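Here's a quick tour for anyone about to load this one into a viewer. Have a look first, and then we'll go through it piece by piece.

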Amino acid sequence: MLDLGFHQAAGLHSFTPQSELRVLAVASQGNSANGLETLWQICASLQRLGYPVVVLDGTAHESDESPGLLHLLQHASWNEGASLNMGATASSLAVIPAAKGLNHLSRKAWDALQSPMESLLPYFRTYGLMVLHAPASTLGPLLTHTATVPLVVMGSGAAGVMASYRSLKQIALHTGMPCMVAALLRGSTASERRKAQSQLTTLQACAERHLGGPIRTTTIATQSPQDLQRLALQLLENAGTMGGSLTALPSSNMTGTLTHFVRSH
């Protein structure tokens, strides 16, 4: 079995909410609706564990009609005077369009001596968890100065194995870190589980042979709340933290910006 050994109750006892902002990373796989649905389910599990979650969605592009991370980084003038209404988002998942903003930070990472993600801490310090959801090519540079182990969700068939391997390679080129790969099970039959295990074995062998290191693997039945919670707890275990000094925000009320462009799921 390639599944990670994990004691369900251990996560609940060990991972209690902390003041530092934890950073999770999930590599997007094209237009995989299954992967996205699993991401929202994982985030819901994390919120039930007491972590306020904000998702920086690198698959959604910012625009004037749907402003997001890039506008936040540019300190757009339209946010001045806005106020933060947490009542609208406190009990739901905050999702911020971030494709352009994360690409901007990813380019900056080449010359940075520390993670460019640290610059986001003042804006999101009221959250317990920040989830980066973006293509592996974007995530790689952003994770160079963090301890975050990213998650790659493997699609079905040979195409899923190849797409996952490409993601692993892109991240390894920048960080040298192993990823965790989750194979999603839509059913609970023994044949489906054997097929998923076979694909994970193939992927693991390729990673060890060509990338020089092992990968962590697991199978997740998407209809099982217990499996989804187990994956959420594993992601917490693999999360890095932003522990830099909490500097003051700019004079404009940037916290008010979140109400303007955060959408909920």
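Which residues of H8 are buried? Keep that in mind while we set the scene.

## The overall picture

What you have here is a predicted model. The protein has 265 residues, and 50% of them count as buried. DSSP-style bookkeeping gives 10 helices and nine strands.

Take the contacts between residues at least 6 apart in sequence: 83% of these join residues at least 24 apart. As for the outside, the accessible surface comes to about 12000 Å², with 52% of that belonging to carbon and sulfur atoms.

## Helix H8, inside and out

Back to the opening question: the buried residues of H8 are Ala196, Gln197, Gln199, Leu200, Leu203, Gln204 and Ala207. They sit on the same side of H8, because the arc they cover around the axis is only 165°. Flip to the face turned away from that buried side and you'll find the exposed residues Arg194, Lys195, Arg209 and His210.

What do the buried residues of H8 pack against? Their partners are helix H7 (157–175) plus three strands: S5 (151–154), S6 (180–185) and S7 (216–221).

On geometry, H8 runs over residues 190–210, which makes 21 residues. From first C-alpha to last, H8 reaches 30 Å, close to the 30 Å expected at 1.5 Å a residue. After H8 comes Gly212, with a positive phi near 80°.

## Two nonpolar cores

In soluble globular proteins, nonpolar side chains tend to be buried together. Here the largest nonpolar core has 43 residues. The members that touch the most others in this core are Leu56, Leu69, Leu102, Leu120, Phe124, Met130 and Leu132.

Leu132 is a handy one to click on. Ignoring neighbours within four places in sequence, Leu132 is in contact with Val23, Leu24, Ala25, Val26, Leu56, Leu102, Met117, Leu139 and Leu143. There's also a second, separate core of 27 residues, whose members include Cys43, Leu46, Leu129 and Met180.

## The cysteine question

How many disulfides does the structure hold? Zero. A disulfide is a covalent bond between the sulfur atoms of two cysteines.

Is Cys43 buried or exposed? Cys43 is buried, since its relative accessible area is 1% and the cut-off for buried is under 20%. Cys206 has a relative accessible area of 23%, so it counts as partly exposed.

Note on methods: Residues numbered from 1 in each chain as written. Predicted model: local features only at pLDDT ≥ 70, side-chain atom pairs only at ≥ 80, totals over all residues. Heavy atoms only, no water. Core = buried A, V, L, I, M, F, W, Y, C linked by side-chain atoms within 4.5 Å. Buried < 20%, exposed > 50% of the residue type's maximum accessible area, 1.4 Å probe, protein only. Contact = heavy atoms within 4.5 Å. Disulfide = S-S within 2.5 Å. Helix = DSSP H or I, 4+ residues; strand = E, 2+ residues; numbered from the N terminus. Expected span 1.5 Å × (residues − 1). Arc of directions from axis to C-beta. Areas by Shrake-Rupley, 256 points an atom, 1.4 Å probe, with all protein chains shown as cover.
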